Amino acid sequence: MSTTDLPGPSRPTDRRGGTPEEAASASYRTEKEAEAPSYRTEKPSGTTVRAARRRRPPSTPLNPRPSIPLTLVTGLVLVYSLLPLVWLVINSTKDQRDLLDSFGLWFGRSMNLFDNISRTLAYDDGAFVRWLLNTLLYVVVGGGGATVLAVLGGYALAKYRFPGRRAVFAVVLGAVAIPGTALAVPTFLMFSEMGLTNTPWAVIIPSLISPFGLYLMWVFAAESVPDELLEAARIDGSGELRTFFRIALPLLMPGTVTVLLFSMVATWNNYFLPLIMIKDPEWFPLTLGLNAWNAQAQTAGGEAVFDLIVTGSLLTIIPIVVVFLLLQRYWQSGLSAGSVKE
Amino acid sequence: MTLLPTSVRAASPPPAPTPRSRRRLRRQSLAGWGFLGPFVAVFALVFLAPIGYALYLSVFKDKLIGGTSFVGLENYTQALTDPRFWEGVGRVGLFLAVQVPVMLGIALLVALAVDSGRLYGKAFFRISVFLPYAVPAVVASLMWGFIYGTRFGLVGNINDAFGITLPDPLSPSLVLASIGNIVTWEFVGYNMLIFYSALKVVPRSLYEAAALDGAGEWRIVTSVKLPAIRGALVIATIFSIIGSFQLFNEPSILQKLAPNAITTDFVPNLYTYSLSFSGQQHNYAATVAIVMGVITAIVAYTVQLRGMRKG
């Protein structure tokens, strides 16, 4: 599960002399031949060897060279991806007046970022801070719990033979295809019979299950924990729990971080589940809180707190973006394992 | 590391136990269930029980007079002939037919560009395009909703600056496209990374062989790279289809900004939601959720069969 980039094949030392055509044909040869290209025997047509040497060889599939046109075209998607975030950052520095009458992609007359942040945190008796703490609770208990269950379950499926193993596997894989939102309304009705709605449990319990996480851990455990190692531990008299913690868990760490990352982001960003489960603003996560502020701002007579919504949105995404940037190689390994699933 | 052997190896059980003792087998079962038990217990509570409960609810009806009574398949007949439900299904169908190909097309092109090694700053590309995936749907919808706005959004800015009137992205005729744009923005990077991860494990010897046969860059893409990542393409398509059928967050949040354009039955999920929370029609809401789940499963399964067969 290598996460580093493929070595860039266009190192300067790779440059071969000769005309572009020759260089191209050379790189189409086998590696051994390419190491010692036979351009000397061929006649450089029209150009002097020196001029040709200065010219860089053309890009080939095996020996690619960065291309400005391709970078520019792909850059359009880059601009598309980043522009709304730039808009968000810029507009979180504006007060209400600037927000309404200055150009959206440039700064307004005043710099209000810190004022906006402190007002966002203080508004409505610090509701935002309360929602932030709720979100952290849901992320740590829900997302963390989901990771624990997935790691234990994936390890069991990969490393033990027991009756019902295949059935569990089939049911869970089938469940991957069941979208969470289809279950949300029946789950709400059930939880409300059980008196769980409007409590943190209503958000935490459904967050504990990540079929995708279980699948990921199962593939990962099958790959990274050798049976011989477990066997050796058992022969030495180590109990199953002890074997798991002392031997398997350290080997499972990279997969565990990946699953943790995915389930934490899913919990942090969750909207539908808390929307139906929680009516009491005391237990709102950030996503619901922002939505409530927006609803208030759009209602006639409600205080139009657009500046707070924009700043609050920025504050909501900063932690997740930081976590994402710091741990980005885990995303990739998770997605590459996920794309194996068939 | 190749893709197929991974899944094959993972699918096969660990080596058969040596006939050393039956006690070991029992110990294996016990430990296996011990580790798996917590997951299965919670899974039963939040997956299996709600499905069962929904099925149970769907065959009853809460009448004003006489209370709850068994009505058999009456709710299903009602759902299957409910124009408000089918309008929503039609809308997500249209959404699916346009948004999913556009999104996956862009994602695939970016993945191929990043993988080709022909971009300057390819790591920056990869991270930046993926970044929106980390943004919650609520924030993405609010952000884009404001940008769409004619009051202090970019659309309003452009109108003021050029003295023109762009069509309102939040008007009834354009709002579905505007939602499509938000969803595309959120998930292009995610799908790009799925494709890119799959491309990265294609053995380079395949490119070398193709190049030896005289294939150019584009030919290698169509004849080597795309067939090699077929699995990832099918998976991404299925995930996107399921996602489209479950469209909820974006219309639900934009509803406050465009109350006239987004009705309570705009998409099936929004319909289910308003049935159970505004209308208190729990039995019917459960029925609609089941019907929608079945439709989703059928479409996703069909795509999977077709996608795999062509290989």
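Begin by selecting residues 201–222 of chain A, where the chain is 86% helix and 0% strand and where the C-alpha atoms at the two ends stand 33 Å apart. Keep in mind throughout that this is a predicted model.

Next, select residues 136–158 of chain A for a second stretch, which is 100% helix with 0% strand and whose end C-alpha atoms are 31 Å apart. Both stretches carry the annotation "transmembrane region" in an unreviewed UniProt entry, which also places that label on residues 70–90, 167–189, 243–268 and 308–327 of chain A.

Now return to the first stretch and show helix H10 (residues 211–224) of chain A together with helix H12 (residues 240–269) of chain A, which pack at an angle of about 165° with their axes 9 Å apart. Because of that angle, H10(A) is roughly antiparallel to H12(A), and the crossing of H10(A) and H12(A) is right-handed. To see the contact itself, display the side chains of A:Gly213, A:Leu216, A:Met217, A:Phe220, A:Ala221 and A:Ser224 on H10(A), and then those of A:Leu251, A:Leu252, A:Gly255, A:Thr258, A:Val259, A:Phe262 and A:Ser263 on H12(A). Sorted by class, the residues of this contact between H10(A) and H12(A) comprise eight nonpolar and five polar ones, with no charged residue among them.

From here, colour chain A by its domain assignment, which gives domain 1 (1–65), domain 2 (68–101) and domain 3 (113–338). The centres of domain 2 and domain 3 of chain A, taken over C-alpha atoms, are separated by 29 Å, and where these two domains meet, nine residues of domain 2 of chain A are in contact with eight residues of domain 3 of chain A. On the domain 2 side of that meeting, helix H4 (68–91) and helix H5 (96–101) of chain A each supply at least two residues, and H4(A) gives the most, with three residues. The side of domain 2 of chain A that touches domain 3 of chain A is made up of three nonpolar, four polar and two charged residues.

Finally, bring chain B into view and select the residues that join the two chains: 96 residues of chain A are in contact with 99 residues of chain B. Which helix gives the most to the side of chain A that touches chain B? Keep H4(A) selected, since H4(A) is that helix, with 11 residues. Taken by class, the side of chain A that touches chain B divides into 65 nonpolar, 21 polar and 10 charged residues.

Note on methods. Residues numbered from 1 in each chain as written. Chains lettered and ligands numbered in written order. Predicted model: local features only at pLDDT ≥ 70, side-chain atom pairs only at ≥ 80, totals over all residues. UniProt positions renumbered as here; feature names shortened; annotations may be inferred. Helix = DSSP H or I, 4+ residues; strand = E, 2+ residues; numbered from the N terminus. Domains from an automatic or database assignment. Contact = placed C-beta atoms within 7 Å. Nonpolar A, V, L, I, M, F, W, Y, C, P; charged D, E, K, R; others polar. Axes fitted to C-alpha atoms, helices over the stretch in contact; angles between N-to-C directions. Parallel < 35°, antiparallel > 145°, perpendicular 65-115°, else oblique. Left-handed = near helix turned anticlockwise from the far one by under 90°.
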